[in-house]
Amino acid sequence: MYAIEIEDLRKVFPGRRKQAVVAVDGLSLRVARGQVFGLLGPNGAGKTTTVEICEGLQRQTSGVVRVLGDEWTRRAMPRIRNRIGVSLQETRFIETQTVRETVGLFRSFFQQGRTVEASIDAVSLGEKADARVDKLSGGQQQRLAVACALVGDPELLFLDEPTTGLDPQSRRSLWDVVRAFRAGGGTVLLTTHYMDEAELLCDRVGIVDRGKLIAEGAPRELVRSLGGEHLVEVAGHGLSVHGQALTAGLTGVLRARVDGDRLSIHVAAPHLVVPALLARLTERGVELTELATRHTSLEDVFVALTGRHLRDDEGEAA
Amino acid sequence: MRGSVVIAVARATMRDFWRTPESVFWSYAFPLGMALVLGFAFRGQPRAPVPVAVVPAASAEIDEVVLGALRQDERLQVATMDEVAAERALALGRATVVVRLLAAGPRLELDPTRPDAELAELVVRRCLQEGAGRRDPIAIDVDEVERPGARYIDFLVPGLIGLNLLGMGMFGVGFNLVYMRVRKTLRRLAVTPMGRADFFAGFMLTRLLLALPASVVVVVFGRLVFGVPVHGSWLALVALIVVGAVAFSGIGLLLGSRAKTIEGASGLMNIVQMPMWLIGGVFFSNQRFPGFVQTMVDAVPMSLLTDGLRGVMLEGKGVIDVWVPIVALFALGGVCLAAAVRIFRWN
């Protein structure tokens with residue numbers, strides 16, 4: 001049984017001067033009940049558009065979207081709305097109201113639901129219950145948004161970039177809320193561009209790029225699919241001259257990439273590869289300037305699939 | 001539509017109103033301040049005395065008699081000056097009448113096209129005659145009175161009520177909606193089970209509940225401070241205020257139902273408000289236009305409201321007498337509301 005089914009979804013925005021923008025381009029996806037599913041991708045990849053179509057906030061150009069078994073028809077709309085909770089990217093509530101009043105207002109919209117107090121406690125805003133919205137910090141406002149999403153006691157929770165711009169403590173506290181919701185049997189669809197968040201929080205992730213789903217699976221699975229869980233990165237003067245020859249025939253090397261004077265190698269066992277690699281570099285007179293080994297991450301998956309980094313501000317990888 | 005949702009929305013918007021000092025000020029304090037300032041500025045004042053220039057004769061004796069007679073009347077302000085100064089004072093309007101005391105008798109010089117020339121002439125003539133010994137054959141007593149109902153403040157109070165209802169509809173409803181759209185608060189509300197009818201009803205309910213006391217405060221203030229009467233039926237007055245609020249919040253709702261920016265909404269609202277201010281009979285009478293222009297002026301929603309309010313307050317009309325504006329304003333509000341529901345955008 002799926003909480004969300006998306007089949008061949010397309011969304012085209014008219015755009016100016018007849019230059020239509022394809023935001024979502026034939027995306028298909030299924031989210032099983034009881035899962036935390038993360039949509040990953042750079043800004044402008046189509047994550048938010050996809051989520052907002054699922055929330056019934058935008059209409060697709062073509063394709064089928066079923067939420068809790070229903071398509072967004074006029075008749076199904078109240079039924080779906082009563083069963084989902086939503087936290088949009090950047091929502092600002094009425095600033096003159098207190099936290100308690102805001103959650104109370106949202107509670108009145110739903111036929112069933114949790115108590116206002118329980119929702120506020122779930123996001124640890126009890127101390128701020130009587131504070132006005134305009135007196136809350138960014139993290140507290142984000143938690144308020146989640147409290148308003150939880151107050152209708154939803155089966156399915158949509159969180160669009162819930163932790164963007166939050167301090168580490170607020171992020172962790174939101175992760176706890178998500179885990180508690182999942183432990184209670186709820187399903188979550190969230191978007192993020194934080195890799196660590198996706199790896200720690202999500203049962204499954206889908207990587208979206210240019211409106212398409214380019215990979216989908218459990219975070220560990222995706223990382224493993226690269227062929228090694230470790231990454232060895234070295235840099236040195238004159239390294240580019242030798243190129244792939246540096247790793248040719250080395251046991252335990254699964255994949256290697258040379259990028260100027262930098263070399264990155266996916267390996268299963270770094271303790272075996274690194275000594276052999278260093279010996280070779282010395283042999284060929286390459287002066288080492290950098291050596292690092294780390295676990296491969298979803299970021300590496302994205303880089304391997306697209307040749308680009310996830311975050312815009314980190315620039316394009318050559 | 002669900003009553004509990006409507007009430008929850010109304011309570012939230014009501015709290016928002018009272019917690020925003022600016023909205024309380026513009027809706028409640030501002031109209032009273034305006035009534036106070038304009039009421040005193042335009043209150044019935046005693047007419048300023050008419051300036052009279054006297055060019056003395058050679059004989060000090062004649063001068064004494066004549067000047068004494070002219071100075072007895074407080075409607076005249078008498079100054080003596082030489083020929084040159086008197087001519088100039090007349091030319092500049094600093095004197096309405098020049099009295100030259102010649103050997104043959106006084107001679108007046110005045111410009112009959114000036115509005116106070118005739119009065120000045122009559123008063124000066126009488127003073128000179130009485131100074132020379134004339135006595136009136138019969139005595140006439142004059143009682144000076146000021147009747148409430150015909151003063152500027154009596155005209156103004158109904159206008160201010162209309163102005164206030166218009167402002168509350170435009171800013172309280174229209175601007176608030178656009179503000180919530182710009183801040184994306186509306187988008188968040190759109191993904192809840194609340195229907196737009198519930199939302200609109202809650203919003204309008206708040207405005208109606210706020211509009212009635214805001215108007216009654218102006219009426220009571222006018223009555224206590226200036227003695228502005230309510231000659232007609234209070235029921236008719238309340239009915240007009242309520243339908244006025246319905247009409248103007250309906251217009252505000254319609255104007256705010258799609259605009260994506262505050263600037264866009266301001267433009268729309270100015271276009272709608274301009275004729276209401278200018279020819280809606282708020283600050284000055286809108287009853288002296290030729291033929292068909294007058295018909296159009298009378299059909300401006302603000303004219304309907306202010307004419308109705310003045311009819312009730314100053315002419316003593318009842319509900320039956322003002323049924324046309326009541327029905328017209330109510331219908332206007334209904335049409336705007338229906339149109340707003342159709343074209344409204346959460347995004």
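What follows is a chat about reading a predicted two-chain model, one feature at a time.

Reader: Before I trust anything here, what is the mean pLDDT of chain A?

Author: This is a predicted model, so confidence is a good place to start. Chain A has a mean pLDDT of 88, with 96% of its residues at 70 or more.

Reader: Where in chain A is confidence lowest, and where is it highest?

Author: The low end is helix α9 (residues 239–242) of chain A, with a mean of 80, while α3(A) tops the list at 96. Keep an eye on residues 313–318 of chain A too: pLDDT stays under 50 there, and the model has eight contacts beyond four places in sequence for that stretch.

Reader: Okay, now the overall build. How many helices and strands are there in chain A?

Author: Chain A has eleven helices and 13 strands. Its C-alpha atoms fill a box of roughly 75 × 45 × 40 Å along the principal axes. Of its 318 residues, 44% count as buried.

Reader: And how many helices and strands does chain B have?

Author: Chain B has 13 helices and four strands. Its radius of gyration is 29 Å, well over the 20 Å that the globule rule gives for 347 residues, so chain B is more spread out than a compact globule. The box for its C-alpha atoms is roughly 100 × 40 × 40 Å, and buried residues make up 38% of the chain.

Reader: What share of the contacts in each chain join residues at least 24 apart?

Author: Take contacts between residues at least 6 apart in sequence. In chain A, 69% of those join residues at least 24 apart. For chain B the figure is 81%.

Reader: Let's do sheets. What is the order of the open three-stranded sheet in chain A?

Author: The general idea: strands of a sheet pair through backbone hydrogen bonds, either parallel or antiparallel. Here the order is β2-β1-β4 (chain A), and the pairing is antiparallel. β2 (21–32) and β4 (62–67) of chain A are at the edges with a single partner strand each, so one side of each has no neighbour in the sheet. On average, neighbouring strands of this sheet are turned by 15 degrees against each other, ignoring direction.

Reader: How many bridges pair β1 with β2(A)?

Author: Strand β1 (residues 2–13) of chain A pairs with β2(A) over nine bridges, in the antiparallel sense. To put a finger on one of them, Lys11(A) has Val24(A) in β2(A) as its bridge partner.

Reader: Which helix lies across those strands?

Author: That's helix α1 (residues 47–54) of chain A, which lies across β1, β2 and β4 of chain A and runs at about 120 degrees to β1(A).

Reader: Which strands form a hairpin in chain B?

Author: Look at β3(B) and β4(B), which form a hairpin with two residues between them. Six bridges join β3 (residues 97–102) to β4 (residues 105–110) of chain B, and the two run antiparallel. Arg100(B), for instance, has Arg107(B) in β4(B) as its bridge partner.

Reader: Which residue has a positive phi although it is not a glycine?

Author: In general, most residues other than glycine have a negative phi. Leu68(A) has a positive phi of about 50 degrees. You'll find Leu68(A) in the loop between β4 and α2 of chain A. With 19 other C-beta atoms within 10 Å, Leu68(A) is partly exposed, because a buried residue needs 20 or more.

Asp153(A) also has a positive phi, of about 50 degrees. Its loop runs between α5 (138–150) and β6 (156–160) of chain A. Asp153(A) is partly exposed, with 18 other C-beta atoms within 10 Å.

Reader: Over to chain B. Where does Pro49(B) lie, and what does it touch?

Author: Pro49(B) is in the loop between α2 (21–41) and β1 (50–55) of chain B. Not counting residues up to four places away in sequence, Pro49(B) touches Glu74(B), Arg75(B), Leu76(B) and Gln77(B). C-alpha to C-alpha, Pro49(B) is 9.3 Å from Val78(B), and 29 residues separate the two in sequence. Pro49(B) is partly exposed, with 15 other C-beta atoms within 10 Å.

Reader: Last one: how many residues of chain A are in contact with chain B?

Author: The size of an interface is often given as the accessible area lost when the parts come together. Here you can go by contacts instead: 21 residues of chain A are in contact with 18 residues of chain B. On the chain A side, α2 (77–83) and α3 (99–109) each supply at least two residues, and α3(A) gives the most, with five. By class, that side has ten nonpolar, six polar and five charged residues.

Methods. Residues are numbered from 1 along each chain as its sequence is written. Chains are lettered from A and ligands numbered from 1 in the order in which they are written. This is a predicted model: local features need pLDDT of at least 70, side-chain atom pairs count only at pLDDT 80 or more; totals for chains, interfaces and linings use all residues. Two residues are in contact if their C-beta atoms, placed from the backbone, lie within 7 Å. Ala, Val, Leu, Ile, Met, Phe, Trp, Tyr, Cys and Pro count as nonpolar, Asp, Glu, Lys and Arg as charged, and the others, Gly among them, as polar. A residue is buried if 20 or more other C-beta atoms lie within 10 Å of its own, exposed if 12 or fewer, and partly exposed in between; C-beta atoms are placed from the backbone. The radius of gyration is taken over C-alpha atoms; the globule rule is 2.2 Å times the number of residues to the power 0.38. Two strands pair if DSSP finds at least two bridges between them. Axes are lines fitted to C-alpha atoms, for helices over the stretch in contact, and angles run from 0 to 180 degrees between N-to-C directions. pLDDT is the predictor's confidence in each residue, from 0 to 100.
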